[in-house]
Amino acid sequence: MLNDLRTEALFADLAHFPVSAIQLAFTVVVFPCLLLAYSGQAAYLMNNKDHVSDAFYRSIPDGIYWPMFIIATLAAIVASQATISATFSIIKQANALGCFPRVKVIHTSSKYLGQIYIPDINWILMILCIVVTAGFKKQSQIGNAYGTAVVIVMLATTFLMILIMLLVWRCHWILVFIFAALSLIVELTYFSAVLFKIDQGGWVPLVIAAVFLFIMYVWHYGTVKRYEFEMHSKISMAWILGLGPSLGLVRVPGIGLVYTELASGVPHIFSHFITNLPAIHSVVVFVCVKYLPVYTVPEDERFLVKRIGPKNFHMFRCVARYGYKDLHKKDEEFEKKLFDNLFTFVRLESMMEGGSDSDDYSVYGQQTQRSKDFLLSDNNNNTFSSVVDLTISSCDSIVPATKSPLHALNSGTSSGQVSSQRDVDEMDFLTTCRDAGVVHIMGNTVVKARRDSPFYKKLSIDYVYAFLRKICREHSVIFNVPHESLLNVGQVFYV
């Protein structure tokens, strides 16, 4: 087992080095050392069969025993980082796929995406290690648990490799058969031996894996159903236009920031809100925060602003894009940047409608339709690429706040381009509403099982999923929304 730990020490930093370095280190150093170590221990056991329980330390010569003991201990400590790093990576990927509750992920490197730290998972690992160590009464039981986990991982890796060879690499079936036969003969032999050790400690990794699998399945099922409900219950623009400029309600002073996970369409929580309350803010901004798999998103490319409906509706959409090292600062700073980009969008929209004699502005306008098609195609996929020097002129356009639009704005101003009185009034109107107050509106969709659902479904959704939703990080915490200006809109969805 100690040799396995030294081997796993190589995989503790898989995300910190390129693939070629890992392949070279494993082929030139790790594999030959392992081969020599296992061959030497096998030769020693052939002459000393009674030392099978402690072959590694007994085979060390007396002169180098303590130096080897120190090195082996350090190797075991380093190898433990392989488990921690692998757990962090798996949880992060599961979180990105919606298969695990939201946890705090800290990126410790600006160069390598895989260097992360998850405090909650680190505490869980510590507790599990203490429980397993204290629960087992014999060292052999820990070895059986470790052996069961290793053999199952080897089998899973082999089956996944077979799929990759067939579907990705498209290798010849004879080569795949040779690889599968040679690997499975050895691994199935080990697996048959492990089956006899399940009742002697091998059941522990199986139970832990089953618990995590159950949690991931329940969370993924509830999350997918909730997202499907929000996607299918989006409000159509025809319904919004049918309400009129006042949305059929009293428009009170202020700006309402409606947070949603949808990058397109009007979320159902908005209709739920205006159906149950007789008033809505004079300006409504639908805010969608997206995290991209890049280190950072430049400030001038972070916000994408879009108008929803006619101008007199005063409804906008703002998509805020963040990299994994971009953190939400104080809420006031986020609001300030959002409103600055919103005002810039209104000015640019006015300029593009009125035209300009500036050369920069003319070149800018030639890219309008092509840029619009590109951004709208990205919008349908719920992903947004970094677009620089790009502006779209229409009532439903998306405009990233970049230096070039501001330069065009300054050029237009210097050439005598003046906004119409209506646009000036809109700027004053937005400023007045911002001074009146900003309210953050967040949806809270509660998923529950139907009354005629089976018992196991009620247990999974009403208790397990509800408990996971309760302990995971709330959106208000992630967005640093102040409680005094937070408004939660609740709705119940039955599955």
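Me: How many bridges join S4 to strand S6, and do they run parallel or antiparallel?
Reply: In this predicted model, S4 and strand S6 (residues 315-322) run parallel and are joined by 8 bridges. Find Tyr 291, and you will see Tyr 322 of S6 opposite. Strand S3 (residues 250-259) is also parallel to S4, with 8 bridges between them. There, Tyr 259 has Val 287 in S4 as its bridge partner.

Me: Is strand S4 mostly covered or uncovered?
Reply: Mostly covered: of the 13 residues in S4 (residues 279-291), 11 are buried.

Me: What describes a pair of aromatic rings?
Reply: Two values do the job: the distance of the centres and the angle of the planes. This structure holds 10 aromatic pairs. One of them, Tyr 57 with Phe 69, is tilted, with 6.0 Å centre to centre and 50° between the planes. Tyr 57 belongs to helix H3 and Phe 69 to helix H4, so the pair ties together parts 12 residues apart in sequence. Both residues also sit in one aromatic cluster with Tyr 65 and Trp 66.

Me: Which kind of pair do Phe 88 and Tyr 117 form?
Reply: Theirs is edge-to-face, at 5.8 Å centre to centre and 85° between the planes. Phe 88 counts as buried at 5% relative accessibility, whereas Tyr 117 is partly exposed at 31%.

Me: At roughly what angle do the axes of H8 and H16 cross?
Reply: Helix H8 (residues 203-232) and helix H16 (residues 455-471) have axes that come within 10 Å and cross at roughly 90°; the helices are therefore roughly perpendicular. Their contact has 9 nonpolar, 3 polar and 3 charged residues. Among the residues that meet there are Trp 219 in H8 and Tyr 465 in H16.

Methods
Residues numbered from 1 in each chain as written. Predicted model: local features only at pLDDT ≥ 70, side-chain atom pairs only at ≥ 80, totals over all residues. Heavy atoms only, no water. Axes fitted to C-alpha atoms, helices over the stretch in contact; angles between N-to-C directions. Helix = DSSP H or I, 4+ residues; strand = E, 2+ residues; numbered from the N terminus. Parallel < 35°, antiparallel > 145°, perpendicular 65-115°, else oblique. Contact = heavy atoms within 4.5 Å. Nonpolar A, V, L, I, M, F, W, Y, C, P; charged D, E, K, R; others polar. Buried < 20%, exposed > 50% of the residue type's maximum accessible area, 1.4 Å probe, protein only. Pairing = 2+ DSSP bridges. Phe/Tyr/Trp six-rings, centres within 6.5 Å; stacked < 30°, edge-to-face > 60°.
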